[in-house]
Amino acid sequence: MADVVQYRLERMLDELEDLEKRGIFSRTEIAEIVKKRRNFEYKLKRPSPLKQDFLSYIDYEKHLDSLRRLRKKVVSQDLKEQGIKKRKKKSSSDIAGVLRILGIFRLAVTRFKGDIHLWFMYLEYCKERGHGRMKKILPQVLRFHPKVPGVWIYAASWEFDHNLNVAAARALMQNGLRACPDSEDLWVEYLRMELTYLNKLKARKAALGEDSGALTRKEDVDDKQWRDENKDLFMSLDGEKEGVDGTGVKEGESGNKKDTFREQGSVILETIYNGAIEALPTSMSLRKRFLEVLDGIDLAHSEELKKKMMDGLKRDFGNKAEYWDWLARLQIGDLEKAKNMSKKDMLCRLNKAVDIYEEALESMPSTEVFSVYTNFWKDVIAPKGEDSQVFELADISDESVEFTSRLFKVFEKAESMGCITEDLTYHHISLYLELGRLEEARNLAEKFSNGKLSCSMKVWVLRVSIEMKWVTRESASLGKDDLRSVFGLLQNILSKVAISEAESLWHMAVEFFSNQPKYFKKLVEIFLVFLTKENEGDVPLSSAIVNYVHQKDGLQRAREVYKRFVATPHPSLTLYKNCIELESNLAFGGDKNALSNARKLYESALTTYKEDRGLWRDYYSMEIKMGTSETINAVHWRAKKILKDTTELLVSQNP
């Protein structure tokens, strides 16, 4: 290993001498560079070097090369001021940094061939430095990762944009589609590439005065400015003037066939679209992306193509709520354009969207359609920000009451058609609450919790919270009848549902009755009955009850409660830790009884959770701080016997 490292360092000698000779780095700095590189080289020569070792070395060399370039400019400027001509020929130090980084990248990807992120870092560096090794690396990446669509797109983009080789880019895309036929990105990017090439050919002819306009739907700009900004369009992209289908396009044909490019673009889009839906017949998002491309470009027969795509979408996805939701929101149009529309036009578009939802309900009444329908109305009433796909109706707020009533009708229609769900009911009741109509929300919650959704915990939680608001709506002081009513409601549902399913309801009940000793005691008794039958699991309800009791009734009462919880068949580890923390805090203050209670809790917890390393570590830590040498050794010996390895216990005590 040492010989190899020394050999690699000796190969840097010419570069380092050149850096010192040109005054870029001092001898001390060069010595530090050699030291750093030696450390990195030794790391790379280990039997199993880490990926981070390579990345750290690369990062160091990048920063070093940046510093070299910066200092080189300073030295050159100083020489220029002194009247000394700058040497134009590059020296060994000018290229050594880049070559070294490329060499480290090569070693890294050789060892970690499956790391696609590392390969892309390698490619990006070559692209950034304009190094010719790119043409060798791309075939390697494609060989190792033929199933990664991004690699084919990257390679085709390089050939198209950098090498101006459309034939090679097209071949790469087609090979990529054969290797990854189910990649939506590949299909869309292939289409974009072909249309971009066609647009460049058309724009080039337009610039030469042989044609007019471009394929993209953009506003016209000054011809002279356009020529200056698009000089690359005057180059031949593949060595000769040819159409996208490989046939020659003669200069004289442009005047006679003014729409040749638009016709060819239409054929290209239709051909690629047909191939895409054949490869991915169940992908709705792919077809939507093709429609977006079509909307952004000016092609012959574009309306016919769009109608064909829309008909295909309805035929293949007409039984899905997602399709109808997309189609309805499509009627709204672009938000930027909608802001400039009149109120009448906006409402007209909104009604068209509503008609589509109603058509969907007629053809396929389902809970999914009602769900997207109600979500649409909620977005209309309260848009979710700038990215919302519906109107910003701030300027027509007078209609908000009407929109709300129409949303209520959708909820009612869902119920009448038997498509009501837990989520729809929850949003229906919540809408009443948001509008401040507490009584109507209460009646609706009672209706569903006692009827179709009697087993829905989500609805029950909402109903109980509404009842609590109802009894406290006029005064904070609660009457006996109010307390009895709410407790009876809670007792009815809590006695039927497991703790894990009704966690939020239990927390709500504990908090509500925390100032009512009589009812709080009854809640604790109900909870204890549950604990004798089932495991509390990860629900920290018992801990919450202990904390409430401690805050309201003091330490002694809290001890009585937690001792009853600990005596149940399956006390949770969370409960133990909470009670231990309570006693430990008192023990640190000098309470001997608290220390004894903490030890008892640890011993009780370890009978059930003896494999828990954290519990042993905390126990050992407490004894280190407050115990004797005898108790410390006893805990350590027992932990070692059960856990085998107690290194973690000892290390955790070191500062």
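Start by selecting S629, E630, N633, W637 and K641: these residues of α32 are exposed. The model you are viewing is predicted.

Now switch to the other side of this helix and select I632, V635, A639 and L643, which are buried. Look down the axis of α32: the buried residues lie within an arc of 70°, so they line one face of the helix. An α-helix has 3.6 residues a turn, so residues three or four places apart point the same way.

Next, show the whole of α32, residues 629-643, and check its length between the end C-alpha atoms. They are 21 Å apart, which agrees with the 21 Å that 15 residues should span at 1.5 Å a residue. Then step just past the end of α32 to K644, where phi is positive, at about 70°.

Leave this helix and turn to the cavities. The model has four cavities of 30 Å³ or more. The stop here is the second largest cavity, with a volume of about 80 Å³. To find it, select its lining: E15, L19, F25, I33, R37, E61, L64, D65, R68, S93 and G97. Colour α2 (13-21), α3 (27-44), α4 (51-81) and α5 (92-111) as well, since each of these elements gives two or more residues to that lining.

Which element contributes the largest share of the lining of this second largest cavity? It is α4, with four residues.

Last, colour the lining residues of the second largest cavity by type: four are nonpolar, two polar and five charged.

Methods
Residues are numbered from 1 along each chain as its sequence is written. This is a predicted model: local features need pLDDT of at least 70, side-chain atom pairs count only at pLDDT 80 or more; totals for chains, interfaces and linings use all residues. Side-chain values use heavy atoms; hydrogens and water are left out. On a 1 Å grid over the protein atoms alone, a cavity is a set of points where a 1.4 Å probe fits but cannot get out, and a pocket is an open set with protein on both sides within 12 Å along at least five of seven lines; lining residues have an atom within 4 Å of a point. Grid points are joined across faces, edges and corners, and a volume is the space filled by probe spheres set on the points. Ala, Val, Leu, Ile, Met, Phe, Trp, Tyr, Cys and Pro count as nonpolar, Asp, Glu, Lys and Arg as charged, and the others, Gly among them, as polar. The expected span of a helix is 1.5 Å times one less than its number of residues. Buried means under 20% relative accessible area, exposed over 50%, partly exposed in between (1.4 Å probe, protein chains only). The arc is that of the directions from the helix axis to the C-beta atoms.
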